[in-house]
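Me: Hi! I'm new to this one and would like a friendly walk through it. Could you show it to me?

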Amino acid sequence: MRPFHYNGHPARVIFGSGTLSQLPDEVARLGLKRTLVLATPPQEAEAKRVAALLGDASAGVFAGAVMHTPVEVTEKAMDVVAETEADGVIAIGGGSTTGLGKAIAFRTDLPQIVVPTTYAGSEMTPILGETRDNAKTTQSSPKILPEVVIYDVDLTMSLPAGLSGTSGINAIAHAVEALYSRDANPIVDLMALDAIGALHRALPRIANDPGGREARSDALYGAWLCGMCLGAVGMSLHHKLCHTLGGSFDLPHAETHTAVLPHALAYNAPAIPAVIVRLQALLGPDPAGALYDLAGAVGAERSLKALGMPENGIDAATERAFANPYWNPRPLERDAVRALIARAYAGERPAPDTTSRPGR
Ligand code: NAD
């Protein structure tokens, strides 16, 4: 066993079906009397239902959350926090809504309860990514980590089949990169492997039958573990590329992760033979190819071109991957990184791993 550091983040997690009904008790447990409920515009009705469930313990609803947590939206929400004298926030939705709750908590240290309805995993991390004038900044603070997370499988049943697939593969990306993280450790490995297995089994079942409760439950369980991985260890080239591509070309978050992941894993494969062996046990002889096939099985778009990336973006993204690079198990080689992005752009099958170098 090689030496390691492990930092656990404190969070209370409630998991099950119908668990939203426990929200009033959780609000009371935190001593909150005036909570502000957050959502995106399409999920405003859910937010209102949550506010009604809370009765007097709700001070109002702000349903203006959007992707990538723009500071202008947070400032509007902060005005509502002040007007309503909110003493806590409740985020119901995906990573966009969770991001807004975190941005408010970062500025105010108000307690947060998150009710995730996608598989993004943000609720388990002390990380906040914000955008101002299209530039993304990321920071980490204990104030950002939500106090309570209520996973309610029932609330994921409405997640459209397409977004379920890409959101689930976005989650898998956290676990895959955790396995070869510089900070990898045996606890996080356990979570990552269990999560990848659960999501790999569940996502095609959800694509075939979006109303299947057991697969939905397995996927949400896997997503929780993937969020734990993301919160516990550093990410590598795959996340760097997705942040760069999403920010530079305004590409959709989960879909971009889905298109890039097989190629990022194929790039790193020669440097992580032991991780590849563990992934082979879950995914079959060619893990990168299996993730490409999984994206196909859930009906996801596998080409960055189809997601809206311009062709001249291949060179631009290659350059940006080298600016403030994340630690990566395989050193960044300009031609190979460009080839990785070009394959993801075209939606081709990932290059097979024909080399074998010593490493993790
Ligand atoms: P999202 O939150 O933007 O949700 C996508 C859309 O799906 C929204 O319109 C939302 O209202 C809708 N939706 C969500 N749940 C639904 C449901 N159950 N039924 C029907 N519609 C539903 O997308 P996301 O992929 O969850 O989150 C992406 C954002 O999260 C990005 O901004 C990303 O940067 C951030 N993120 C942050 C972290 C972190 O640790 N800081 C981690 C992962 C993602």
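Reply: Here is a short tour of the nonpolar cores, a surface patch and some salt bridges. Keep in mind that this is a predicted model.

Me: Thanks! Let's begin inside. Which residues touch the most other members of the largest nonpolar core?

Reply: They are Tyr119, Ile172, Val176, Ile196, Leu203, Leu265 and Leu291, and the core they belong to has 51 residues.

Me: And which elements give two or more residues to this core?

Reply: There is one strand in the list, E8 (148-152). The helices are H5 (161-179), H6 (186-208), H7 (213-232), H9 (253-268), H10 (273-283) and H11 (287-297).

Me: Which of them gives the most?

Reply: That is H6, with 10 residues.

Me: Let's zoom in on Leu291. What does Leu291 touch?

Reply: Setting aside residues up to four places away in sequence, Leu291 touches Ile172, Val176, Leu261, Pro262, Leu265 and Leu283.

Me: What about a second core, how many residues does that have?

Reply: The second core is separate and has 21 residues, including Leu237, Ala264, Leu307 and Tyr345.

Me: I've got my eye on Thr166. Where is that, and is the residue buried or exposed?

Reply: Thr166 sits in helix H5. Thr166 counts as buried because its relative accessible area is 4%, and buried means under 20%.

Me: So which residues is Thr166 in contact with?

Reply: Not counting neighbours within four places in sequence, Thr166 is in contact with Ala254, Glu255, Thr258 and Ala300.

Me: Okay, over to the outside. Which residues form a nonpolar patch on the surface?

Reply: Met1, Phe4, Tyr6, Ile187 and Leu190 do, and together they have about 570 Å² of accessible area.

Me: Where does Met1 lie, and is Met1 buried or exposed?

Reply: Met1 lies in the segment before strand E1 (12-16). Met1 is exposed, with a relative accessible area of 83%.

Me: New topic: charges. How many salt bridges are there?

Reply: The count comes to 12 salt bridges. One of them joins Arg107 and Glu130, whose closest N and O atoms are 2.9 Å apart.

Me: Which parts does that pair tie together?

Reply: Arg107 is in helix H4 (residues 95-108) and Glu130 is in strand E6 (residues 127-132), so the salt bridge ties together parts 23 residues apart in sequence. Arg107 is partly exposed, at 35% relative accessible area, whereas Glu130 is buried, at 5%.

Me: Nice. Which distant parts of the chain does the pair of Arg278 and Asp189 link?

Reply: Those side chains meet in a salt bridge at 2.9 Å, N to O. The pair links helix H10, where Arg278 lies, with helix H6, where Asp189 lies, and the two residues are 89 apart.

Me: How do those two count, buried or partly exposed?

Reply: Arg278 counts as partly exposed because its relative accessibility is 37%. Asp189 counts as buried, at 11% relative accessibility.

Me: And Glu333, what does that residue form a salt bridge with?

Reply: Its partner is Arg330, and the closest N and O atoms are 3.0 Å apart. Glu333 counts as partly exposed at 31% relative accessibility, while Arg330 is buried at 10%.

Me: Last one! Which residues are linked in a network of salt bridges?

Reply: Arg12, Glu26 and Arg29 are linked that way.

Terms used
Residues are numbered from 1 along each chain as its sequence is written. This is a predicted model: local features need pLDDT of at least 70, side-chain atom pairs count only at pLDDT 80 or more; totals for chains, interfaces and linings use all residues. Side-chain values use heavy atoms; hydrogens and water are left out. A nonpolar core is a set of buried Ala, Val, Leu, Ile, Met, Phe, Trp, Tyr and Cys residues joined through side-chain atoms within 4.5 Å. Buried means under 20% relative accessible area, exposed over 50%, partly exposed in between (1.4 Å probe, protein chains only). Helices (H or I, at least four residues) and strands (E, at least two) are DSSP runs, numbered from the N terminus. Contact means heavy atoms within 4.5 Å. Patches are made of residues with over 30% relative accessible area and no salt bridge: like charges are joined within 9 Å, nonpolar side chains (Val, Leu, Ile, Met, Phe, Trp, Tyr) within 5 Å. Accessible areas come from the Shrake-Rupley method with a 1.4 Å probe; for residues, only the protein chains shown count as cover. A salt bridge is a side-chain nitrogen of Lys or Arg within 4 Å of a carboxyl oxygen of Asp or Glu.
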